[in-house]
Every structure is written in structure tokens, then in C-alpha cells.
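Me: I would like to learn how to read a protein structure, one feature at a time. Could you walk me through one?

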Amino acid sequence: MLGTLWNNPLTRSAAARIEKGHNKLLGIRRTMRLAKTLSKVRNASAWRVRRELYDDHVDRLLAENGPVGSDTIELRDGWAVDHSKSLPHLERLIADAQEIIKERGGVFRGGGERSFFQQILTDEHVARYPSILDFATSNAILAPVMRYMKTVPTLSVSKPLGVRLAESDARLAPPDQRGYAESQLFHRDYHDDPMVYVVVALRDVTRQSGPFSILPASASRTVTEKLRYGSRGVPYRLTDDAVYSAVDRSALFEFACPAGSVLFVDSSACFHYGSRDAIIPRYLMMYAYVSVCRTDFGDLLRPECERPVTDDSARTRRAKYPVGPNDSRLRRLVLDRHAT
Ligand SMILES: [Fe+2]
């Protein structure tokens, strides 16, 4: 009954209307609450199973998944950075990413409104280079992500894609573009709350590469309250002037770090922007961990593709992530939102 209602074209068109213009109709906060409530009804069992697995069996899940290290990364105030360059599979991931950049980078593939930023990874690369998912499902990454989210998350298959190789390059933008636009402006993501991005610098990032920049969660709360961010009628993207009228500029953290640095950030709690004036191209691997009950209508409007996406439409679409017969339960849960 609920499944029929959910898959109904009328439900989909209502969801699309609500979501249009970054949740303009009801406002971001109200839309997020509505989507979460509906999703919790629809995915009640998966939601409960994953919460219970986290609450009661997280140590066993991690032990089955691989070596349990010292696990020192902890998101505080919505974020953390690891500069150790020693995370498992990182070296291989960075080497493989250089091959993908050589193959796919530097060519405009259609960035939509975000022409300064493009996603160049396809499902074929995800299958060809196991390092991409080995890194994403290693205990060193999953333990801090789960501890922060208090559930067993899944890699998103719709916006934002769970795995992206993001290329930012000012030269990709049309010459007539004036000022900053889209994700170059401050915003908080509304796809889930909480959600965690794990961002890997694949090459050195300096201020000339338009670093990913964040305001910690506490500063972001101040901005949200002062500007009534998330309320109906308040824009999704905020200018610097608006944000810095509420908090001091010194609160900003710029992820301008050497290759191999890894940022963990709750992009729903922390205002962020990036890809500004990327004179030197910036390359990041970006992983998005969400729960099985999102705060948007992504599962309804943008389900995973039936077949691997290997052409340029891979910038916004993804098939299921490959799961092997010997994969641990934790890895299966992260790679497949339907896994139990
Ligand atoms: Fe964002």
C-alpha cells in the first residue's frame, strides 16, 4: 500500500514541486522534516536495523570488516582533518586517481550551472579501481563517520553522489560568468541531517585552487539563527557579506592542504563553499555518507540506474556500487542501501 503510494507518479510530481528551487515552496527546514518523516515511515525497518546494529554491534561489525586501528579521528564541531597521510588504501587511491585525471580531466564535460566544477568519475572507474571503495569502506573512515552519525550509513547513489572525483578549474567556466554562483556561495546541504563528506586532496590544494571552505557547526548555527536560514523565503545560497554580518571571517577553515590530507565534515551542519577562482585545477575525491532515511526526495526522484553509467551523464547518475561475495556485512551495508 505504502509502496504503491510512494511509487505513484502523482507522489513523484508533488515531491518534485516541493523540491524545486532548493525547497522554495515550503522552505528548506520544513521540507527536510517532511522528507525525513516520510522516509522513516517508508524505510522503518532498514532505519531500525541500522540503528540497532550501530547501538549494539558496532564493534563486531568493525572487527569483521578489517583491522581495528587506534581510531583517533573524531569530528568536533562538525568536522575533522587528518594530515597523517597514513590512512589505509590512501596511497593506492591517490595513484589510481592520477590515472583517472589523466584520462578524463581537463576536458569540459558539461557542468550544468556549475561549469567551474565537474564530476569526472564513472561507474566503470569505480569497478576498475578497487582502491576507491576500499578506502571508503575501511574502518579508519567508517568508525569516525558512524560514531558521528550514530547509525550505519550508506554511500549515496543520488545527489550528492556517494563517490565523486571533483575537478574544479576556473577555465571551465564561461568567460562571461560574473561573480560567484551555486556551490561557490555559502550553503548547508539539505540531503540528510546529519551527513558526512569525506574529502581527499588528490593533489596539493592551495588558495589558488579554490579550496573547499567550511564554517564549523557552532558558527554555522549562529549564522542560521541570525539570518533565519532554512526558513521559507530565505535564499539557499548566501553571500559572504550576509554570512560575515553574523560571524567573524576568522571562523572559516580553508581545506588548503597537501595531497593526501583528508577532511571529514557534516555538510548539513557546516556552511561551506568551494571552487572559487581555481586558477590551478583542484582535484578532490568526495565521498558522501547518508542514512537510509534522507531529508530530501532523492530516493524517490533519483533512484540508482539499472546499468553502470560510463558516459558523461555519470556526473549526476550512478548505478549500485559493486558488492562482492566476500565483502563484510558492514561493507555491504555501506555500499547497498537495501542490504540488511
Ligand atoms: Fe554543498
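Reply: We will go through the metal site, strands, aromatic rings, a buried arginine and some backbone features. This is a predicted model, where local features need pLDDT of at least 70, side-chain atom pairs count only at pLDDT 80 or more, and totals for chains, interfaces and linings use all residues. Residues are numbered from 1 along each chain as its sequence is written, and side-chain values use heavy atoms, with hydrogens and water left out.

Me: Which residues are the protein donors of the iron ion?

Reply: Donors are N, O and S atoms within 2.8 Å of the metal (3.2 Å for Na, K and Ca), and sites may look incomplete because water is not among the atoms. Here the protein donors are His187 through NE2, Asp189 through OD and His272 through NE2, lying 2.2 Å from the iron ion. Their spacing in sequence reads H-x1-D-x82-H.

Me: Are His187 and Asp189 buried or exposed?

Reply: Buried means under 20% relative accessible area, exposed means over 50%, and partly exposed is in between (1.4 Å probe, protein chains only). Both His187 and Asp189 are buried.

Me: Which way do the side chains of strand S1 point?

Reply: In a regular strand, side chains alternate between the two faces of the sheet. Helices (H or I, at least four residues) and strands (E, at least two) are DSSP runs, numbered from the N terminus. In S1, residues 79-82, Ala80 and Asp82 point to one face and are buried, while Trp79 and Val81 point to the other and are not.

Me: In which sense does S1 pair with strand S8?

Reply: Strands of a sheet pair through backbone hydrogen bonds, either parallel or antiparallel. Two strands count as paired if DSSP finds at least two bridges between them. S1 and S8 (residues 262-265) are antiparallel, with four bridges, and Ala80 has Phe264 in S8 as its bridge partner.

Me: In what order do the strands of the three-stranded open sheet come?

Reply: The order is S7-S6-S9, with antiparallel pairing. S7 (253-254) and S9 (272-273) stand at the edges with a single partner strand each, so one side of each has no neighbour in the sheet. S6 and S9 are joined by two bridges, and Ile214 has His272 in S9 as its bridge partner. You have met His272 already, as one of the iron donors.

Me: How many aromatic pairs are there?

Reply: A pair of aromatic rings is described by the distance of the centres and the angle of the planes. Rings of Phe, Tyr and Trp (its six-membered ring) pair if their centres lie within 6.5 Å; planes under 30 degrees apart count as stacked, over 60 as edge-to-face and the rest as tilted. That rule gives seven aromatic pairs. Take Tyr197 and Phe212: their ring centres are 6.4 Å apart and their planes are at 70 degrees, so this pair is edge-to-face. Tyr197 lies in strand S5 (residues 196-201) and Phe212 in the loop between S5 and S6 (213-214), so the pair ties together parts that are 15 residues apart in sequence. Both Tyr197 and Phe212 are buried. Elsewhere, Phe186, Tyr244 and Tyr273 form one aromatic cluster.

Me: Over which ring does the charged end of Arg276 sit?

Reply: A charge sits over a ring if NZ of Lys or CZ of Arg is within 6 Å of the ring centre and within 35 degrees of the ring normal. The charged end of Arg276 sits over the ring of Tyr273, 3.5 Å from its centre. For Arg188, the ring is that of Phe271, with its centre 5.9 Å away.

Me: Where is Arg331 found, and which side chain does its own side chain meet in a polar contact?

Reply: Arg331 is in helix H12, residues 329-335, and counts as buried because its relative accessibility is 16%. A polar contact is a pair of N or O atoms within 3.5 Å; within protein, one must be able to donate a hydrogen and the other to accept it, and residues adjacent in sequence count only if both atoms are side-chain atoms. The Arg331 side chain makes such a contact with the side chain of Asp134, at 2.8 Å.

Me: Which backbone features stand out from what most residues show?

Reply: Most residues other than glycine have a negative phi, and most peptide bonds are trans. The bond from Lys159 to Pro160 is cis, with omega near -10 degrees, and another cis bond joins Asp193 and Pro194, with omega about 0 degrees. Ser275 is not a glycine but has a positive phi of about 60 degrees, and this residue is buried, with a relative accessible area of 4%. Arg228 also has a positive phi, about 55 degrees, and counts as partly exposed at 49% relative accessibility.
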